[in-house]
Amino acid sequence: ILIIAAEDGVKPQTLEVLEHIKSAEIPFIVAINKIDKPEADVTRVKNELSQNGVYLEGMGGNISYHEISAKTGQGVNELLDLILLAADLEDLKANPDAACQGVIIESKIDPRRGITAALIIKNGTLKFGDEIYTPSVRGKVKIMEDFLGRPIKQATFSSPILVVGFEELSQVGEELSTKKENT
């Protein structure tokens, strides 16, 4: 889900995320947020997206979108329905017993904890203590938290999590996997 603030429009960080989405060739949905603000300009956001090659449904394209307010909750249920529809159309399936596969969405050095990586699990289950690998770095899960910052022992597909334990910074967009001892 590409989230864009209706008051800010398409920013450089939005364009950076779009490049990652395009290079990974993954389907996505646009959520235009903060529609409750007086300075919100949804039409401007749609036009800026078109100018950057993102053609929304109803504007000559096939990218689904929905207008929401995370603050008031307006449109959130409809966005969730849209996500379920998109998942059905893409025939997304996952196996919790498979080796974990995920994608890094953020990586940084935390002065207190070391190298942290935010990731989304796409398949399988990641457990505390698992060896983890990307094409450029490796590590071992020393800390794992859910999206609210609560400690967890394992996470499965579609889970956004934070992991501490990489030996070096991983690259945003890199695929993450675990290596099973028996394989």
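Colleague: Happy to look at this predicted model with you! Which element gives the most to the lining of the largest pocket?

Modeller: Several elements take part: β1 (2–5), α1 (12–24), α3 (76–90), β4 (101–110) and β5 (114–123) each supply at least two residues of that lining. With eight residues, the top contributor to the lining is α1.

Colleague: Nice. What is the volume of the largest pocket?

Modeller: The lining of the largest pocket holds 48 residues, and those closest to its centre are Ile1, Ile26, Pro27, Phe28 and Ile120. The volume of this pocket comes to about 2,100 Å³.

Colleague: And how many residues of the lining are nonpolar?

Modeller: Let me split the lining by residue class. Nine of its residues are polar and nine are charged. The nonpolar ones number 30.

Colleague: Let's turn to α3. How far apart are its end C-alpha atoms?

Modeller: The helix α3 has 15 residues, and the expected span is 1.5 Å times one less than that number. This gives an expected 21 Å. The model agrees, because the end C-alpha atoms of α3 are 21 Å apart.

Colleague: Which residue just after α3 takes a positive phi?

Modeller: Here the backbone has a phi of about 55°. The residue with that value is aspartate 91.

Colleague: Last one, on the whole chain: what share of its residues count as buried?

Modeller: The chain has three helices and 11 strands, and its C-alpha trace spans about 50 × 40 × 30 Å along the principal axes. Buried here means under 20% relative accessible area. Of the 183 residues, the buried share is 38%.

Note on methods: Residues numbered from 1 in each chain as written. Predicted model: local features only at pLDDT ≥ 70, side-chain atom pairs only at ≥ 80, totals over all residues. Heavy atoms only, no water. 1 Å grid on protein atoms, 1.4 Å probe; cavity = no way out; pocket = protein on both sides within 12 Å on 5 of 7 lines; lining within 4 Å. Points joined across faces, edges and corners; volume = space filled by probe spheres on them. Helix = DSSP H or I, 4+ residues; strand = E, 2+ residues; numbered from the N terminus. Nonpolar A, V, L, I, M, F, W, Y, C, P; charged D, E, K, R; others polar. Buried < 20%, exposed > 50% of the residue type's maximum accessible area, 1.4 Å probe, protein only.
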